Amino acid sequence: MEQKTYSLVIVGFGGMGSYHVQLIEPCEHLSVTGVYDLVDYRMELAAAKGFKTYDSLEAVLSDETVDVVLIATPNDVHKSIAIQALKSGKHVICEKPVTITSADLLDILAVAEEEKRIFMVHQNRRWDEDFLIIQDIIQKKKIGETFHLESRVQGANGIPGDWRQLQAYGGGMLLDWGVHLLDQLLLLTGSKIDSVSAELSTILCTEVDDGFTSNIRFKDGLTAVIEVGTTNFIKLPRWYVKGTEGTAIIRDWDLSGEIVVNNPDVIKVEPKPIQAGQGLTKTMAPPSEESTLRLPIGKPESTKQSFYDNFVSVIEGKSEPLVKNDEVHRVLRLIETIFEAAEKQVILKGLEL
Ligand code: NAD
């Protein structure tokens with residue numbers, strides 16, 4: 001029997017909604033057939049691309065030819081659109097952050113279960129090359145046992161001038177970029193979180209955070225610094241990871257970076273003192289060239305985004321979801337913990353997260 005191609009309607013045809021068209025194109029069994037957006041101009045763009053346009057969300061949901069609703073609206077309305085779509089018998093793909101609170105996600109999942117429909121969150125940065133490289137370095141112990149990592153994204157332009165600056169829409173950088181970096185972090189270790197501290201920044205935007213730094217300690221001893229900035233005219237490396245045998249760095253999305261590790265074939269050479277400012281130091285000398293190896297960071301074997309193929313396969317009961325809702329829920333709980341730690345200005349310890 002020929003495999004069905006599922007018809008998908010995009011709700012919210014802005015920056016990300018329209019990008020999904022391009023992302024879904026290679027997926028053989030998922031086809032974007034229509035669009036609904038509140039704004040006429042966005043609907044005109046969709047119509048010009050040959051998509052069916054709908055006058056209302058109700059019109060999308062009552063169209064029996066539609067199998068899947070993809071939600072790419074601002075964050076505050078994800079929950080209500082998702083619940084209405086699930087109750088109308090549609091499967092749902094939802095953009096990140098799936099909801100503003102972890103309790104809201106549970107409400108959606110209860111409806112998905114009741115209606116026996118698939119609900120999956122588009123955590124697309126699980127397929128980013130820089131992340132896959134770091135995951136490979138850690139899993140293969142290329143720098144020994146990893147004990148500390150720093151993951152950052154930094155821009156210089158503040159928050160783009162739209163709903164992301166407003167609390168009512170679920171704006172702010174912790175919910176926007178933080179959700180990606182924290183989702184990646186939790187995939188790098190099987191350990192539970194022990195403690196969290198955090199600082200939010202409100203330099204260019206006072207209503208929501210325009211950046212944050214969070215220090216997260218896991219029960220297995222791994223420590224992490226997660227940072228999002230929008231006020232950085234010079235940025236720090238995207239990844240900086242320390243292991244017992246070496247250090248890995250990825251400077252940017254161009255994947256410039258390197259790994260420096262102990263050379264197992266050479267007996268460690270005593271460091272020579274270097275001139276450092278007004279003094280000499282052996283402690284801060286770089287590792288000797290003879291006793292270390294400088295390696296390329298490598299490239300992941302495949303970065304093909306398998307999200308949509310997986311979604312179809314999950315609908316057909318053939319696969320487990322690659323993005324699991326309990327993982328997404330854990331990230332939202334961590335975000336809530338970060339907000340709490342920042343607000344109380346304390347290290348939240350003894351967490352079971
Ligand atoms: P955007 O402002 O460019 O687009 C949002 C669109 O939704 C607009 O066209 C707006 O008119 C429409 N809209 C608003 N409320 C609506 C409603 N109730 N019904 C129908 N349409 C509605 O925003 P964006 O940057 O495209 O972000 C949209 C979502 O995608 C957000 O949740 C954001 O976090 C997410 N996003 C994800 C990624 C990623 O890499 N996964 C990247 C960017 C944005």
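**Close-ups of a predicted model**

**View 1. I193 and what sits around it.** Leaving aside residues up to four places away in sequence, I193 touches L186, I216, R217, F218, K219, R330, L334, L351, E352 and L353. This is a predicted model, so take the picture as such. I193 belongs to strand β8, which covers residues 193–201. Its relative accessibility is 0%, so I193 counts as buried. For a sense of scale, look over to L86: I193 and L86 lie 107 residues apart in sequence, and their C-alpha atoms are 33 Å apart in space.

**View 2. Helix α7 against helix α9.** Here α7 (residues 173–187) packs with α9 (residues 325–344) at an angle of about 120°, and the axes are 9 Å apart. That makes α7 and α9 oblique to each other, because angles of this kind fall outside the parallel, antiparallel and perpendicular ranges. Their crossing is right-handed. On the α7 side the contact uses L174, L175, V179, L182, D183, L186 and L187, while α9 brings E327, R330, V331, L334, I335, I338 and F339. Sorted by class, the contact between α7 and α9 has 11 nonpolar residues, three charged ones and no polar ones. Three names here also turn up in View 1: L186, R330 and L334 are among the residues touched by I193.

**View 3. Helix α5 against helix α9.** Now swing to α5 (residues 102–115), whose axis comes within 9 Å of that of α9 and crosses at roughly 160°. So α5 and α9 are roughly antiparallel to each other. The crossing of α5 past α9 is left-handed. From α5 the contact takes S102, L105, L106 and L109, and from α9 it takes N325, V328, H329, L332, R333 and E336. The class split for α5 with α9 is five nonpolar, three polar and two charged residues.

**View 4. Helix α4 lying along helix α5.** How do α4 and α5 sit, parallel or antiparallel? They pack at an angle of about 5° with their axes 9 Å apart, and are therefore roughly parallel to each other. In the contact, K79, A82, I83, L86 and K87 of α4 meet D104, D107, I108, V111, A112 and E115 of α5. By class that gives six nonpolar residues, five charged and no polar for α4 with α5.

**View 5. The buried face of helix α4, and the turn-off after it.** Within α4 (residues 78–87), the buried residues are H78, I81, A82, I83, A85 and L86. Their cover includes β1, α3 (57–61), β4, β5, α5 and β6. Among these buried residues, A82, I83 and L86 also take part in the contact with α5. After α4 comes G89, with a positive phi near 85°.

**View 6. T73, in the loop ahead of helix α4.** The loop between β4 and α4 holds T73. T73 has 13% relative accessibility and so counts as buried, the cut-off being under 20%. Beyond residues up to four places away in sequence, T73 touches V11, G12, H78 and I81. H78 and I81 are listed with the buried residues of α4.

**View 7. The parallel sheet and helix α1.** Six strands make an open sheet with parallel pairing, ordered β3-β2-β1-β4-β5-β6. At the edges are β3 (52–53) and β6 (119–122), each pairing on one side only. Helix α1 (residues 15–24) packs on the sheet and touches β1 (6–11), β2, β4 (68–71), β5 (91–95) and β6, with its direction at about 155° to that of β1. G17, H20, V21, L23 and I24 are the buried residues of α1. Their cover includes β1, β2, β4, β5 and β6, along with α8 (307–315).

**View 8. The β2–β3 edge of the sheet.** Strand β2 (residues 30–36) pairs with β3 in the parallel sense, over two bridges. One bridge partner to pick out is T53 in β3, which goes with V35.

**View 9. E227 in strand β10.** E227 sits in β10 (residues 223–229). Is this charged-class side chain buried or exposed? At 16% relative accessibility, E227 counts as buried. Apart from residues up to four places away in sequence, E227 touches S151, R152, V153, Q154, L181, F212 and T213.

Conventions: Residues are numbered from 1 along each chain as its sequence is written. This is a predicted model: local features need pLDDT of at least 70, side-chain atom pairs count only at pLDDT 80 or more; totals for chains, interfaces and linings use all residues. Side-chain values use heavy atoms; hydrogens and water are left out. Two strands pair if DSSP finds at least two bridges between them. Helices (H or I, at least four residues) and strands (E, at least two) are DSSP runs, numbered from the N terminus. Contact means heavy atoms within 4.5 Å. Axes are lines fitted to C-alpha atoms, for helices over the stretch in contact, and angles run from 0 to 180 degrees between N-to-C directions. Angles under 35 degrees count as roughly parallel, over 145 as roughly antiparallel, 65 to 115 as roughly perpendicular and the rest as oblique. A crossing is left-handed if the near helix is turned anticlockwise from the far one by less than a right angle, and right-handed if clockwise. Ala, Val, Leu, Ile, Met, Phe, Trp, Tyr, Cys and Pro count as nonpolar, Asp, Glu, Lys and Arg as charged, and the others, Gly among them, as polar. Buried means under 20% relative accessible area, exposed over 50%, partly exposed in between (1.4 Å probe, protein chains only).
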